[in-house]
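User: I would like to learn how to read a protein model feature by feature, taking the general idea before the particular case. Could you take me through one?

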Amino acid sequence: MRILVVDDMPLMRHVLINMLRKLEYSNVVEATDGLQALALLHEQHFDLVITDLHMPKMNGVNLLDNIRKNEQLANTPVLMVTCEDSAETVKQVIKAKVSGFIVKPFNMNVLSSQLGRFFFRD
């Protein structure tokens, strides 16, 4: 399983990638913003995108919109990571057809639970 982690903060990417590795997801690629993520998505196949909501150049909602509008990418699960609790923003992300949410701060159990919705492990 290939997972794309998208976040403009290196520390957050590092923490998330380490959690994924501890959960035995080792095939992880990282991107620093939505534009870089979109380029990677056009070049390679990913089974899941985990993206931050607030990023420069292209935020998580715009990335999600681009994924959903692309015929080849439309069915890719997208997990949004955010500290946002604004009802309006949450509605906007749900309307854009997000696959799931993780609210910061979170722990490995929360991440594992969300991943379990997309991947079945033996």
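Analyst: What follows goes from the overall fold to two helices, then to single residues and the backbone. The model is predicted, so local features are used only at pLDDT of at least 70 and side-chain atom pairs only at pLDDT 80 or more, while totals for chains, interfaces and linings use all residues. Residues are numbered from 1 along each chain as its sequence is written, and side-chain values use heavy atoms, with hydrogens and water left out.

User: How many helices and strands are there, and in what pattern do they follow one another along the sequence?

Analyst: Helices (H or I, at least four residues) and strands (E, at least two) are DSSP runs, numbered from the N terminus. Here there are five helices and five strands, and along the sequence they follow the pattern β-α-β-α-β-α-β-α-β-α. The radius of gyration is 13 Å, close to the 14 Å that the globule rule gives for 122 residues, so the protein is as compact as a globular protein of that length; that radius is taken over C-alpha atoms, and the rule is 2.2 Å times the number of residues to the power 0.38. Along the principal axes, the C-alpha atoms fill a box of roughly 35 × 35 × 25 Å.

User: What share of the residues is buried, and what share of the contacts joins residues at least 24 apart?

Analyst: Buried means under 20% relative accessible area and exposed over 50%, with partly exposed in between (1.4 Å probe, protein chains only), whereas contact means heavy atoms within 4.5 Å. In this protein, 49% of the 122 residues count as buried, and of the contacts between residues at least 6 apart in sequence, 61% join residues at least 24 apart.

User: Which residues of helix α3 are buried, and what covers them?

Analyst: One looks down the helix axis and takes the arc of the directions from that axis to the C-beta atoms. In α3 (residues 60-69), the buried residues are Gly60, Val61, Leu63, Leu64, Ile67 and Arg68, and they fall within an arc of 160°, so they line one face of the helix. Their cover includes β1 (3-6), α2 (34-43), β3 (48-52), β4 (78-82) and α4 (87-95).

User: Which residues of α2 are buried, and which are exposed on the other side?

Analyst: In α2, Gly34, Ala37, Leu38, Leu40 and Leu41 are buried, and they cover an arc of only 165° around the axis, which puts them on the same side of the helix. On the other side of α2, His42 and Glu43 are exposed. The buried residues of α2 have a cover that includes β1, β2 (28-31), β3 and α3.

User: With which residues are Thr51 and Ile102 in contact, beyond their neighbours in sequence?

Analyst: For each residue, neighbours within four places in sequence are left aside. Thr51, in strand β3, is buried with a relative accessible area of 1%, and it is in contact with Val6, Gly60, Leu63, Val78, Leu79, Met80 and Val81. Ile102 lies in strand β5 (residues 100-103) and counts as buried at 1% relative accessibility; its contacts are Leu79, Met80, Val81, Thr82, Val110, Leu111 and Gln114.

User: What does Arg68 of helix α3 contact?

Analyst: With the neighbours within four places again set aside, Arg68 is in contact with Leu73, Ala74, Asn75, Thr76, Pro77, Val78, Ala96, Lys97 and Ser99.

User: Where does the backbone have a positive phi at a residue that is not a glycine, and which residues does a cis peptide bond join?

Analyst: Lys57 has a positive phi of about 70° although it is not a glycine; Lys57 sits in the loop between β3 and α3 and counts as exposed at 68% relative accessibility. Lys97, too, has a positive phi of about 70° without being a glycine, and Lys97 is found in the loop between α4 and β5, where it is exposed with a relative accessible area of 58%. The cis peptide bond joins Lys104 and Pro105, with omega about -10°, and Pro105 belongs to the loop between β5 and α5 (108-116).
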